[in-house]
Amino acid sequence: MGRVILLLLVILAAWLLWRAFGPGSAERYGAIRPNRQQQQQTPAIKGPDDDEEFLWNIEKNRFKERRAKEEAERKAREEEERRLRRERGNHSDEPGDDAPRP
């Protein structure tokens with residue numbers, strides 16, 4: 001009787017090992033190292049120009065810089081216009097401005 005139980009335990013252990021490490025176990029439980037098909041499906045990022053997030057950040061930063069430059073130019077133009085208006089207001093060429101008002 002003991003030999004039969006021992007034989008069943010050996011068979012059970014062999015079956016469990018076959019299920020755990022045999023062919024097809026990678027698909028059932030997930031592989032530690034991906035096989036060739038999985039490597040081809042997900043391209044590895046080889047450099048910063050392949051990384052979508054990196055490229056998006058570069059584009060975003062360029063947009064912010066361009067926007068800041070445009071804003072600075074707009075403020076400079078507005079300041080120049082204000083300065084010109086002030087100068088025109090002080091030095092008016094209209095003939096009735098120099099005469100004193102009654």
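**Exercise 1. Work out how many residues of H1 are buried, and what that says about where H1 lies.**

Start with the count: of the 20 residues in H1, 0 are buried, so this helix lies largely in the open. Keep in mind that we're working with a predicted model here.

Next, place the helix: H1 covers residues 2-21, and Leu9 is one of the residues in it.

Now check its length. At 1.5 Å a residue, the 20 residues of H1 should span 28 Å. The end C-alpha atoms turn out to be 28 Å apart, so expectation and model agree.

Finally, look at what sits on the surface. Leu9 joins Met1, Ile5, Leu12, Trp15 and Leu16 in a nonpolar surface patch of about 680 Å².

**Exercise 2. Describe the overall make-up of the protein: its secondary structure, its burial and its surface.**

Begin with the elements: there are 4 helices and 0 strands. Walking along the sequence, you read the pattern α-α-α-α.

Then turn to burial. Out of 102 residues in the protein, just 3% are buried, where buried means under 20% relative accessible area.

Last comes the surface. About 10,400 Å² is exposed, and 56% of that is supplied by carbon and sulfur atoms.

**Exercise 3. Decide which helix has the highest confidence and which the lowest.**

First get the overall figure: mean pLDDT is 80 for the protein, with 71% of residues reaching 70 or more.

Then go to the extremes. Helix H3 (residues 36-41) has the lowest confidence, with a mean of 59. H4 sits at the other end with the highest, at 93.

What do we do with that? Where pLDDT is low, the predicted coordinates shouldn't be read in detail. The next exercise goes to H4, where confidence is highest.

**Exercise 4. For the Glu71 and Arg74 salt bridge, find the N to O distance and explain how the two residues are placed along the helix.**

Step one, the contact: the side chains of Glu71 and Arg74 meet at 2.3 Å, N to O. That passes the salt-bridge cut-off of within 4 Å.

Step two, the spacing: both belong to helix H4 (residues 52-90), and because they are 3 residues apart, about one helical turn separates them.

Step three, the exposure: Glu71 has 32% relative accessibility, so it counts as partly exposed. Arg74 also comes out as partly exposed, at 32%.

**Exercise 5. Take two other H4 pairs, Glu81 with Arg85 and Glu87 with Arg83, and work out distance, spacing and exposure for each.**

Pair one: Glu81 and Arg85 form a salt bridge at 3.7 Å, N to O. They lie 4 residues apart in H4, about one turn of the helix. Is each partner exposed or partly exposed? Glu81 has a relative accessible area of 41%, so it is partly exposed, while Arg85, at 52%, counts as exposed. The line between these classes is drawn at 50%.

Pair two: the side chains of Glu87 and Arg83 meet at 2.6 Å, N to O, in a salt bridge. Here too, the partners are 4 residues apart in H4, about one turn. Glu87 is partly exposed at 37% relative accessibility, and Arg83 is partly exposed at 33%.

Now for the network. Salt bridges with shared partners tie Glu71, Arg74, Glu78, Glu79 and Arg82 into one network.

To finish, the tally: the structure holds 7 salt bridges.

Note on methods:
Residues are numbered from 1 along each chain as its sequence is written. Side-chain values use heavy atoms; hydrogens and water are left out. Buried means under 20% relative accessible area, exposed over 50%, partly exposed in between (1.4 Å probe, protein chains only). Accessible areas come from the Shrake-Rupley method with a 1.4 Å probe; for residues, only the protein chains shown count as cover. Patches are made of residues with over 30% relative accessible area and no salt bridge: like charges are joined within 9 Å, nonpolar side chains (Val, Leu, Ile, Met, Phe, Trp, Tyr) within 5 Å. The expected span of a helix is 1.5 Å times one less than its number of residues. pLDDT is the predictor's confidence in each residue, from 0 to 100.
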